[in-house]
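This report describes selected parts of a predicted model. Please keep the sequence and the structure in view while reading.

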Amino acid sequence: QVQLVESGGGLVQAGGSLRLSCAASGRTFSSYTMGWFRQAPGKEREFVATISGSGSVTYHADSVKGRFTISRDNAKNTVYLQMNGLKPEDAAVYYCAAADLAPSIVAVSANEDEYAYWGQGTQVTVSS
């Protein structure tokens, strides 16, 4: 089982940057595909970015490509989401999630149904 705790959210002006962190418990963190999702008020949760267990493969949603970057440090059991050039439409609760896609360490997934473990979320607010 994996427990996930997000941090790093907050209020930022449009054009600014934030880095979200997600700390995971457990000794097998590197075997999990990790993802970031977000949910704005009145909208469905949507995929943002995913990274393979090895960290060698990443995939970002078109809406954030070139602005957001997902990364991970398996030695620290942590996955990050660097967000640059934030826009008001990026405002949402951001969730970290873990998917067990073993034995592959290069698999990524944008399908939230494949993620069994979720954090509690961290709020990102972008002022215009």
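Ser71 stands opposite Tyr80, a residue of strand E8. Strand E8 comprises residues 78-83, and six bridges join E7 to E8 in an antiparallel arrangement. The two strands form a hairpin with four residues between them. In the turn, Asn77 has a positive phi of about 55°.

The side chains of E7 fall into two sets. In a regular strand, side chains alternate between the two faces of the sheet. The table shows this alternation along E7.

| Residues of E7 | Face | Buried or not |
|---|---|---|
| Phe68, Ile70, Arg72 | one face | buried |
| Thr69, Ser71, Asp73 | the other face | not buried |

The hairpin belongs to a wider arrangement. Four strands form an open sheet in the order E1-E3-E8-E7, with antiparallel pairing. Strand E1 (4-7) and strand E7 (68-73) stand at the edges and have a single partner strand each, so one side of each lacks a neighbour in the sheet. On average, neighbouring strands of this sheet are turned by 15° against each other, direction ignored.

A second serine is found in a loop. Ser109 lies between strand E9 (92-99) and strand E10 (117-118). Is Ser109 buried or exposed? Its relative accessible area is 4%, and because buried means under 20% relative accessible area, Ser109 is buried. Leaving aside residues up to four places away in sequence, Ser109 touches Thr33, Phe47, Thr50, Leu101, Glu114 and Tyr115. In addition, a polar atom of the Ser109 side chain lies 3.1 Å from the backbone nitrogen of Asn111.

Notes:
Residues are numbered from 1 along each chain as its sequence is written. This is a predicted model: local features need pLDDT of at least 70, side-chain atom pairs count only at pLDDT 80 or more; totals for chains, interfaces and linings use all residues. Side-chain values use heavy atoms; hydrogens and water are left out. Two strands pair if DSSP finds at least two bridges between them. Axes are lines fitted to C-alpha atoms, for helices over the stretch in contact, and angles run from 0 to 180 degrees between N-to-C directions. Buried means under 20% relative accessible area, exposed over 50%, partly exposed in between (1.4 Å probe, protein chains only). A polar contact is a pair of N or O atoms within 3.5 Å; within protein, one must be able to donate a hydrogen and the other to accept it, and residues adjacent in sequence count only if both atoms are side-chain atoms. Contact means heavy atoms within 4.5 Å.
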